[in-house]
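Biologist: I'd like to learn how to read this model one feature at a time. Could you walk me through it?

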Amino acid sequence: MKLLSIAALAAVALLSTGCVMKSTHDQTLQELNTTRSALSSAQQTIGEQKQTIGEQQQVLDQQKLSIEEQQKLIDEQKQLIAQNREELEKNKALIELSQKELSELDIKKEALQKQLAEAQAGLQASQAKLETMRQIEAETQKRNAIYARFVEALQKMIDGGQLTVTIEQGRIVINLPNEVLFASGSSTLNKQGQEAVRNVAAVLKEFSDRRFQIEGHTDDMPIKSERFPSNWELSTARALSVVHLMTDEGVATQNVSAAGYGEFHPRAGNDTREGRALNRRIEIVMLPNLDILSSELPKVAR
């Protein structure tokens, strides 16, 4: 439009000059037509450009809408990310708490395992102790039955003062005074002593699963002879005399042994005649099957 106005003005200016040559007029008209044609072409181009711009604006609007939607999605994603981070922090805190609790549980578990091991060890010890006590009880019952048998079989000799039967430190002890068995300073059994030993041997033979130790004891009166340089030799010789007679009477040789203690295991003081008489003796000791029975038990005498 602006170009058309300019051309019209130029034509008016030329006409207003008065005498215009025809060639000049034709040239002017030609130029005006050319200008109109150019103007029309320009207008068409402008229209096309407007359409293009409109289309581009539409695309731009669509892109803007898409960007807004994408921005909305981005904002939503950011919000989700923020929420996820918050949840992550919470979960992290929970994990740290769980790890702490797990560590504490491990410590408690170790403590409980230690307590369990100690309890199991205690239980095993208690079971072992219980089994030992059962064995002790069984052995004690057997010992008491044998003790009762000894008392029953030797009751006449007990009543006659020829011997005593006691339970000392879990062992049955048959005590025969030397006055019943030997003359002073001798290791040869007298007639009364031989009869007493035979009677005892008859009872010992009934218990072939038991071991017996024959122990010789003296008082502290010294003896010094060619045969017995000290009371050790005398007490040992007397114990051996009893052992030999017992084995002759049928007591198994593997079940008996001899020991001489001299004056070193007294039953009473040696400052009186009665005390010295108690110390001069032969003791026949039934050994227990269990070592644990050596613990001291109440003394029972008849």
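Biologist: Let's start with E152: is that residue buried or exposed?

Modeller: The general idea is a percentage of accessible area: under 20% relative accessible area is buried, over 50% is exposed, and partly exposed is in between, using a 1.4 Å probe and protein chains only. E152 comes out at 58% relative accessibility, so it counts as exposed. Before we go on, this is a predicted model: local features need pLDDT of at least 70 and side-chain atom pairs pLDDT 80 or more, while totals for chains, interfaces and linings use all residues. Residues are numbered from 1 along each chain as its sequence is written, and side-chain values use heavy atoms, with hydrogens and water left out.

Biologist: Which residue does the side chain of E152 meet in a salt bridge?

Modeller: Side chains of opposite charge can pair when their charged atoms come close. The cut-off for a salt bridge is a side-chain nitrogen of Lys or Arg within 4 Å of a carboxyl oxygen of Asp or Glu. Here the partner of E152 is R149, at 3.6 Å from N to O. R149 is partly exposed, at 28% relative accessible area. The two sit 3 residues apart in helix α2, so about one helical turn separates them.

Biologist: How do you decide what a helix is, and how many helices and strands are there?

Modeller: Both are DSSP runs numbered from the N terminus: helices are H or I with at least four residues, strands are E with at least two. The protein chain has 7 helices and 6 strands, in the order α-α-α-β-β-α-α-β-α-β-α-β-β.

Biologist: What span should α2 have, going by its residues?

Modeller: You expect 1.5 Å times one less than the number of residues. For the 132 residues of α2 that gives 196 Å, and the end C-alpha atoms lie 185 Å apart, which agrees. Another salt bridge in this helix joins E86 and K90, with the closest N and O atoms 3.8 Å apart. These two are 4 residues apart, about one turn. E86 is partly exposed at 45%, and K90 is partly exposed at 43%.

Biologist: Which residues of α2 are buried?

Modeller: Among them are T28, L32, L39, I136, Y147 and F150. For the whole protein chain, buried residues make up 26% of the 302 residues.

Biologist: F150 has a ring. How many aromatic pairs are there?

Modeller: Rings of Phe, Tyr and Trp (its six-membered ring) pair if their centres lie within 6.5 Å; planes under 30 degrees apart are stacked, over 60 edge-to-face, and the rest tilted. The count is 2 aromatic pairs. F150 and F207 form an edge-to-face one, at 5.7 Å centre to centre with 85° between the planes. F150 is in helix α2 and F207 in the loop between α5 and β3, so the pair ties together parts 57 residues apart in sequence. F150 is buried at 1%, and F207 is buried at 14%. The rings of W232 and F264 have centres 5.1 Å apart and planes at 40°, so that pair is tilted. W232 lies in helix α6 and F264 in the loop between β4 and α7, 32 residues apart.

Biologist: What does L204 touch?

Modeller: A contact is heavy atoms within 4.5 Å. Not counting residues up to four places away in sequence, L204 touches F150, F212, M246, V251 and I284. L204 is in helix α5 and is buried at 2%. L204 and F150 are 54 residues apart in sequence, yet 8.5 Å apart C-alpha to C-alpha.

Biologist: Which residues are linked with E283 in a network of salt bridges?

Modeller: E168, R267 and R281 share that network with E283. E283 is in strand β5 and is buried at 5%. The salt bridge between R281 and E283 has an N to O distance of 2.7 Å, and both residues are buried. E283 also makes a side-chain polar contact with R267 at 2.6 Å. A polar contact is a pair of N or O atoms within 3.5 Å; within protein, one must be able to donate a hydrogen and the other to accept it, and residues adjacent in sequence count only if both atoms are side-chain atoms. The structure holds 11 salt bridges.
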